[in-house]
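Please look over the structure shown below before reading the notes. They are meant for a first-year student and are grouped by topic.

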Amino acid sequence: MANDEAALTADIIALARQYGRYGYRRITALLRNAGWLVNKKRVERIWRREGPKVPQRQPKRARLWLNDGSCIRLKPERPNHVWAYDFVDRTHDGRKIRMLNTVDEFTREALDIRVARRLNSHDVIDVLSDLFILRGVPAHIRSDNGPEFIAKAVQAWITAVAAQTAYITPGSPWENGCIESFNGRLRDEFLDGEIFYTLQEAKVLIEAWRRQYNTARPHSSLGYRPPAPEVWLWPSPPAALKGVVPAIAKPAQLSCN
C-alpha cells in the first residue's frame, strides 16, 4: 500500500460524506483541487473498496430533432447569451415552498434561486430586474409555457429591455434541458435530504447550496470545474480542501447533457 493511501482514503470518505450524491469522478476533481496528484482509476479503486455508491439515475431523455437531423434547440454561444428559468415546488407539513431558479446556459452558473411561499408573474419581473442590474441583459430567456412566464406583463417587460423570449414546445421539457438538469441536481443533491421548518431557514440553506454549487461543485460539462470558482463562499470546504482556491474555469462551447 502506498504511503499516502490512508490519508487519501480518509479524504475520499470525508468528501463522500459531505457530498453524498457525488460519484468518484467529481470526488477526484475535488481531490485534485485540494492538491492531490491522483488519477480517477486510483480513486475508483478506493471508492469501490470502501463502499460508497451512488444509485443509478434514470436514463437520459433524447432531444427533439428535425427530419434533417438538425436540433431545433437554441444553443448558447457565450455568457449572457441564453438564460433559462423554471419553478421547483417543495411541500412539507402541507405548506409549499416555491423556488424560481435562473441559470446561464453557457457558463452553467446558478444566477439566482428566489424562495417564497408563492411566486407569480410580478415576482418573475422582480427577479429579472435584479439580475439585469447585476449581470446585464441576456439575448434570450428560455422557459416553459407556464402562466407566470407567458403573462403579457412579463412578455412586454422582456421586450422593452431588448431581450427575446424562447418558449419551449408545450409538453417538451427536454427542450429546456439545462434548467431541467439543474432542477434535478437541486432535488437530488440537496432538497431530498433536507426538511425546512421555516421559510427563512429554507432561504438561508438554499442560498448556501447555490453558492456551493457555483464555487465548489465540479461540473462534468466544464471539465469537472465549478461554474464560478473565483472564491470560496460559505459553507467552507472540508478539511481536505481548506486553504485551496480552485483555478478559474474558462467557458467553452458546451452541450446540455
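The points below cover the nonpolar core, one buried side chain, the salt bridges and a patch of charge.

This is a predicted model. Its largest nonpolar core has 19 residues, and its salt bridges number 14. On the surface there is also a patch of positive charge.

**Nonpolar core**

- In soluble globular proteins, nonpolar side chains tend to be buried together.
- The largest nonpolar core here contains 19 residues, and those with the most contacts inside it are Tyr 85, Leu 100, Val 124, Leu 128, Val 154 and Ile 158.
- Two or more residues of this core come from each of strand S1 (82-92), strand S3 (110-116), helix H4 (121-135) and helix H6 (152-160).
- Helix H4 gives the largest share, six residues.

**Phe 149**

- Phe 149 is part of helix H5, which covers residues 147-150.
- Phe 149 counts as buried because its relative accessibility is 1%, and buried means under 20%.
- Tyr 167 is 18 residues from Phe 149 in sequence, and their C-alpha atoms are 8.8 Å apart in space.

**Salt bridges**

- Arg 98 forms a salt bridge with Asp 89, where the closest N and O atoms are 2.9 Å apart.
- Arg 98 also meets Glu 148 in a salt bridge, at 3.0 Å from N to O.
- The pair of Arg 98 and Glu 148 links distant parts of the chain, since Arg 98 is in strand S2 (residues 95-104) and Glu 148 is in helix H5, 50 residues apart.
- Arg 98 is buried, with a relative accessible area of 14%, and Glu 148 is buried at 14% relative accessibility.
- Asp 89 has a relative accessible area of 40%, so Asp 89 is partly exposed.
- Another salt bridge joins Arg 114 and Asp 126, with 2.9 Å between the closest N and O atoms.
- Because Arg 114 lies in strand S3 and Asp 126 in helix H4, this pair ties together parts that are 12 residues apart in sequence.
- Asp 126 is partly exposed, with a relative accessible area of 35%.
- Asp 4, Glu 5, Arg 42, Arg 45 and Arg 49 are joined into one network by salt bridges that share partners.

**Positive patch**

- The patch of positive charge on the surface gathers Arg 25, Arg 32, Lys 40 and Lys 41.
- Helix H2 (24-33) and helix H3 (40-50) each supply at least two residues of this patch.
- Lys 41 is located in helix H3.
- Lys 41 is exposed, because its relative accessible area is 65% and exposed means over 50%.

Notes:
Residues numbered from 1 in each chain as written. Predicted model: local features only at pLDDT ≥ 70, side-chain atom pairs only at ≥ 80, totals over all residues. Heavy atoms only, no water. Patch = residues over 30% accessible without salt bridge, like charges linked within 9 Å, V, L, I, M, F, W, Y side chains within 5 Å. Areas by Shrake-Rupley, 256 points an atom, 1.4 Å probe, with all protein chains shown as cover. Salt bridge = Lys/Arg side-chain N within 4 Å of Asp/Glu carboxyl O. Lys, Arg positive; Asp, Glu negative; His and termini not counted. Charge placed at Lys NZ, Arg CZ, Asp CG, Glu CD. Helix = DSSP H or I, 4+ residues; strand = E, 2+ residues; numbered from the N terminus. Buried < 20%, exposed > 50% of the residue type's maximum accessible area, 1.4 Å probe, protein only. Core = buried A, V, L, I, M, F, W, Y, C linked by side-chain atoms within 4.5 Å.
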